[in-house]
Amino acid sequence: MNDTAPDDIEILSLPISLKEEAFSLGKGIAEEVHNKVKTYSTFAIERASLRLLGVKGANEEGVPWVNIFIDKCAREGKLSRGALFTLGEVIISNGKTLQEAVEGVATGAIDLGTIFPQDEKKVKELMTSLVSRSIEDLLGMRRKRQEMIDSLTPGEKPLLYVIVASGNIYEDVKQAKSAAMMGADIIAVIRTTAQSLLDYIPYGITTEGFGGTVATQENFALMRKALDEVSLKLGRYIRLVNYCSGLAMPEIATLGALEGLDIMVNDAIYGILFRDINSTRTLTDQEFSRRILSLAGITIVTGEDNLIKTVDAKEMAHTVTASQLINHHLALLSGLPPRLIGMGHAFEMDPSEEDSFLNELAQAWLVRELFPQSPIKYMPPTRFMTGDIFRGMVLNAAFNLIGVMTKQEILLLGMPTEAMHTPYVQDRFLSLENALYFRKAAKSLMGEFRLREDSLMRKRAIEVLNNGVEVLREIKGVGLFEALAQGSFAEIKRPLKGGRGLEGVFAKARDYFNPFLNILPGTIISRGTNYGD
C-alpha cells in the first residue's frame, strides 16, 4: 500500500539484541512450517488453480464445476500428480477446450477412468502455456488497478476502514457508497456467518446472508464496480476488502485477484484457533493464497486481534507479538514484500484498569516500531463495549487518538452501537466524524514527545517483547504445529490430526505438476536481521 515508512518510527528505543532474537526466532519457526507445507497440496489449491485458468460455473444444484472435477480426480487416484496434469491429459485426449474438459468430467460425459496416458512433454507444454496466459491476465488486472489508483488521490493516513454487512450485496453497495461519501477510505464486506467452513465458493450474486454477505466472484465484481464509480466521483480512491480465510482460502484469493480487490484479511492461525480448521490444511492453503495475492499486488492483513478477544488482553499481549513475528516471516516466504504485509492488532484491554490507555499506547507503538515498512491495521474496542453509546464513543475516541498518534496505517472504525445491532448509516457517520477529527487534530502529536528511558510506556513495550521472545523460544523448540496442539495461542489446543478439512490434504507425488508454483512469487525471506526490509 505504501512503499515508505512513517517518519519518526523509533521512539521506544527497543534493545537491538532483543529485536534481533525476536526476528531470528520468527524466521526459524516460519521456515520449518514452509519446509513442511511445500510437500503437500490440498483440494482447495487444486480448485484455485483451475479458477486461475478461467474455469467458471456450477451445476443446476449450485455445486461448482471445479469441486466436482477435483473430487472425481481424487476418487480416481489422479490428484497426487496434480489436477492440472490430469486436466491436460483430458484436453489432449478429447480435443476439448479447458472449460469443456472440466464440465465433461464433472457431468460424467468424460470418464477419467478411460483416459489413457498422454505424452508427458505435450501435456506439460499445453498446461504451462495456459498458466502463462492466465498470469498475464492477472498482471493486466494489477496494472489496470494501479493506473486507476495513480489517477486519483490515494487518501490521507490513517486510512479509515468501515464495514458493511447487510447480507444483501445490493444493499451493501448502497451502504458502501454512502460511507465513502462520508469519508471512508476502505470498505470491507463482511462474509456471511461461517462461510469459512464451506469447502467451496458459492456461485452468483446473492441477496441473503446472516451476519454478513456471501463472498462470491459475482459479488466481488459488483462491489468493485460500485466503488470505482464512487472513486471517480470523489476523485479519491476507495479500497475494497474481503476475507481470505477458511477452507476455500486459495479460491477466495484467486477471486480477489481476478476482480481487483485491494486488501484481504488472510490468516491461517485464526482459522485453526477459532474455526477448528486442520493446521496442515490451512497453513498449506495460506502459502499458496499469499503467493497469488503477492502477484496481484493485494495487501494482506493478519488476524492477531482475535488472539486477545477471548483472554486478558494485558496479560496475553505478548502472544500477539509472537504471532505477528511468525506471520511476518510466513508472508515473506510466500513472496509478499513488507509493504503488502499488514499486521493486525487491537485495542481490547479492560478500560477500568489503571493506565489501560498507556498500555494500549505502548502496545500500538511496539507493533508500529517492529514493522516499520508494513501497513498496520488497528482494530477498535469490542470486548468491553456494553451498549452504552456514550461510553462507546469515549472508548472509540481513545482508540482513534492512539491510532493517529502511533501512525497506524489502517484504522478500522469502532461503532458507538457495538454490541447492539448492525451499524446504521448514522452510526458510521458519527464514527467517521470522530476519526476525521483526530486524524486532523492529533496529526503531529507524537512527534512532540520523547520517552524517558525509564518511562512506563517503554518498560511496558520491552516487557511485552521479552515475553513474546520467551513464547517464540518455546515454539521454536517444538515447532509451530506442536505449539498449536499444546495451546500456545489463546489457550486453545488444536491437535495436528484434528480439525476440519484434513481429508482435503494430500502429499504431492515426486512428479507433481503445477506450473503456477514455478511462476507465482515466493521465498523473499528477509536477510539476516534487517527487519522490515
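Strands are DSSP runs of E at least two residues long, and helices are runs of H or I at least four residues long, with both numbered from the N terminus. The model shown in every view is predicted.

**View A. The lining of the largest pocket draws its largest share from β2.** The pocket holds about 1,100 Å³ of space. Its lining comprises 39 residues. Nearest the pocket centre lie I163, I190, G211, Y243 and M379. Three elements each supply at least two lining residues: β2 (159–164), α10 (268–275) and β8 (376–379). The share from β2 is three residues. By class, the lining has 17 nonpolar, 15 polar and seven charged residues.

**View B. A cis peptide bond joins K157 to P158.** Omega for this bond is near -5 degrees. P158 sits in the loop that runs between α6 (120–151) and β2. Strand β2 is also one of the elements that line the largest pocket in View A.

**View C. D276 takes a positive phi.** The angle is about 50 degrees, although D276 is not a glycine. The residue belongs to the loop between α10 and α11 (279–296). Helix α10, on one side of that loop, gives at least two residues to the lining of the largest pocket.

**View D. Helices α1 and α12 cross with right-handed geometry.** Helix α1 spans residues 16–37, and helix α12 spans residues 317–333. Their axes lie 8 Å apart, at an angle of about 55 degrees. Angles from 35 to 65 degrees are neither roughly parallel nor roughly perpendicular, so α1 and α12 are oblique to each other. From α1, the contact takes A22, F23, G26, K27, I29, A30, E31, V33 and H34. From α12 come L325, I326, H328, H329, L330 and L333. Nine residues of this contact are nonpolar, four are polar and two are charged.

**View E. Helices α2 and α3 also cross in the right-handed sense.** Helix α2 covers residues 43–53, and α3 covers residues 65–75. The packing angle is about 130 degrees, and the axes are 9 Å apart. Angles over 145 degrees would count as roughly antiparallel, and this angle makes α2 oblique to α3. On the α2 side, F43, E46, R47, L50 and R51 take part. They meet V66, N67, F69, I70, D71 and A74 of α3. Sorted by class, the α2–α3 contact has six nonpolar residues, one polar residue and four charged residues.

**View F. The largest cavity encloses about 110 Å³ of space.** Searching the whole structure yields five cavities of 30 Å³ or more. Fifteen residues line the largest of them. Closest to its centre are R51, K56, G57, I201 and Y203. Helices α3 and α8 (217–234) give two or more residues each to the lining. The lining is made up of nine nonpolar, three polar and three charged residues. Two names link this view to View E: R51 also takes part in the contact of α2 with α3, and α3 also contributes to the cavity lining.

Terms used. Residues numbered from 1 in each chain as written. Predicted model: local features only at pLDDT ≥ 70, side-chain atom pairs only at ≥ 80, totals over all residues. Heavy atoms only, no water. Axes fitted to C-alpha atoms, helices over the stretch in contact; angles between N-to-C directions. Parallel < 35°, antiparallel > 145°, perpendicular 65-115°, else oblique. Left-handed = near helix turned anticlockwise from the far one by under 90°. Contact = heavy atoms within 4.5 Å. Nonpolar A, V, L, I, M, F, W, Y, C, P; charged D, E, K, R; others polar. 1 Å grid on protein atoms, 1.4 Å probe; cavity = no way out; pocket = protein on both sides within 12 Å on 5 of 7 lines; lining within 4 Å. Points joined across faces, edges and corners; volume = space filled by probe spheres on them.
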